[in-house]
Amino acid sequence: MRRGMLSDLFVGVVSKRLTLVETITPESNQHEFQGTRPLRHLFGDEDRRQIATRFLYISGEQEAFSEDGFMSWSNVRKGKPRAAEYHLYYSTNAVTEMMQPGDHLFLALQLDGAMLAIVTSSATIQNQLFWLFGLEEQEEFAFTYQEIGEGSAELDFAARYILEELGIEPEEPEADQIDALIERFGMAFPTTAVFSELARSSLPHMSAQDDPDRALISWLEREEQMFRRLERRIVAERIGGGFQSPDGADVDGFLSFSLSVQNRRKSRAGQALEHHLGAIFTAHAIQHTRGAETENKNKPDFLFPGQAEYRDPSFPASRLTMLGAKSTLKDRWRQVLSEAERIEAKHLLTLEPGISENQTTEMQAKNLQLVLPRSLHATFRAPQQAWLMDLDEFLAVVKFRQDA
């Protein structure tokens, strides 16, 4: 199955940490970047005016926001005997007004000639984008350039995860096969449990016993494909029907519908992860309880062996295990720390690639072990990878404790 390549979306990218004079402040209002060699690699030597640009700001703690604008690339000494001097100008908008010295800027040239300008202060988002675009982090405040050619990264689970954070949804592979799978649902969403079961049954060659890490990612990818195809069909019909009220355009109705689409995506992703993890634990004959209640009405996602053993003071704490499951982390990982007081060393499984070293160091200090499917480990830096646990290793820990 060809899942697409990064080169299907982008031509090249440049990146740098922002300086004071490159941001919009009372001290600087230039709205431009000096046309260094990496920028000339990206834009060429011909002037390009009014380049359509989507400006995107992403922090680690809140939702991203974007605004359309433009950039202009020009040789300010064109027609003059002096050496060429290029400048890249950007339009003022809500994103550029948020830029601060030290933030990281990524300028990605798309195949259609439009630009994507990403600004982030989050170390995790920076790590993800460095990995996605194959960039090396630069300590100095200088642009670095990376061409995106035919040998670029495949749009695997991690790449698609990051692209979704950027508001980019690559074309789904095997569309005809996916449409045949979801035809039975018509124009209504089934329960997440039904959807997850269909995703697993549609991939009979995937073995949770032989390779749980690969099975989990494959099931999640298939469910995501099915969900997006069905969602597109349902949303298209709703939009086609229009949003009208007796007073004209039903703006509130449209906003409410849009919010419901976003909320459904988020809640479904988390529930799908739990459904598939439960199926893997069952395949390995691991006793577990989903959503068991512990102290102060906390409910860890998974408790091993179960609630009865946890509440039995005579049951050794050394044989208990808890696992939090979060498709995305951001700063929510600390919630897991108080969910099972009897269990000193806790585990947390996530699908978020490239989490910053500062966060993983803090997790280690809090006695929280991060678990990720094996294919996501490569998005982390080498010192982190030695500490990460994959799903197969986690299963071995739980089995050892239950057999003790």
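**Exercise 1. Find how far apart the mean positions of the positive and negative charges of the protein chain are.**

Solution. Count Lys and Arg as positive and Asp and Glu as negative, leaving out His and the chain ends. Place each charge at NZ of Lys, CZ of Arg, CG of Asp or CD of Glu. The protein chain then has 43 positive and 61 negative charges, and their mean positions are 0 Å apart.

The model is predicted: local features need pLDDT of at least 70, side-chain atom pairs count only at pLDDT 80 or more, and totals for chains, interfaces and linings use all residues. Residues are numbered from 1 along each chain as its sequence is written, and side-chain values use heavy atoms, with hydrogens and water left out.

**Exercise 2. State what share of the residues in the protein chain is buried, and place L277 in this scheme.**

Solution. Buried means under 20% relative accessible area, exposed over 50%, and partly exposed in between (1.4 Å probe, protein chains only). Of the 404 residues in the protein chain, 51% are buried. L277 counts as buried because its relative accessibility is 0%.

Next, locate the residue: L277 lies in helix α7. Helices are DSSP runs (H or I, at least four residues), numbered from the N terminus. Then list its contacts, a contact being heavy atoms within 4.5 Å. Apart from neighbours within four places in sequence, L277 touches L216, F302, L323, A325, L349 and L391. For F302, which is 25 residues away along the chain, the C-alpha atoms are separated by 9.2 Å.

**Exercise 3. Describe the salt bridges of E22, E197 and E224.**

Solution. Side chains of opposite charge can pair when their charged atoms come close. A salt bridge is a side-chain nitrogen of Lys or Arg within 4 Å of a carboxyl oxygen of Asp or Glu. The count by this rule is 19.

- E22 pairs with K16, and the closest N and O atoms are 2.9 Å apart. E22 is buried at 9% relative accessibility, and K16 is buried at 3%.
- E197 pairs with R200 at 3.0 Å between the closest N and O atoms. These residues are about one helical turn apart because they are three residues apart in helix α5 (residues 192-201). E197 is partly exposed at 43%, while R200 is buried at 18%.
- E224 pairs with R228 at 3.1 Å between the closest N and O atoms. Salt bridges with shared partners join E164, E169, E224, R228, E231, R265 and R268 into one network.

Notes: Helix = DSSP H or I, 4+ residues; strand = E, 2+ residues; numbered from the N terminus.
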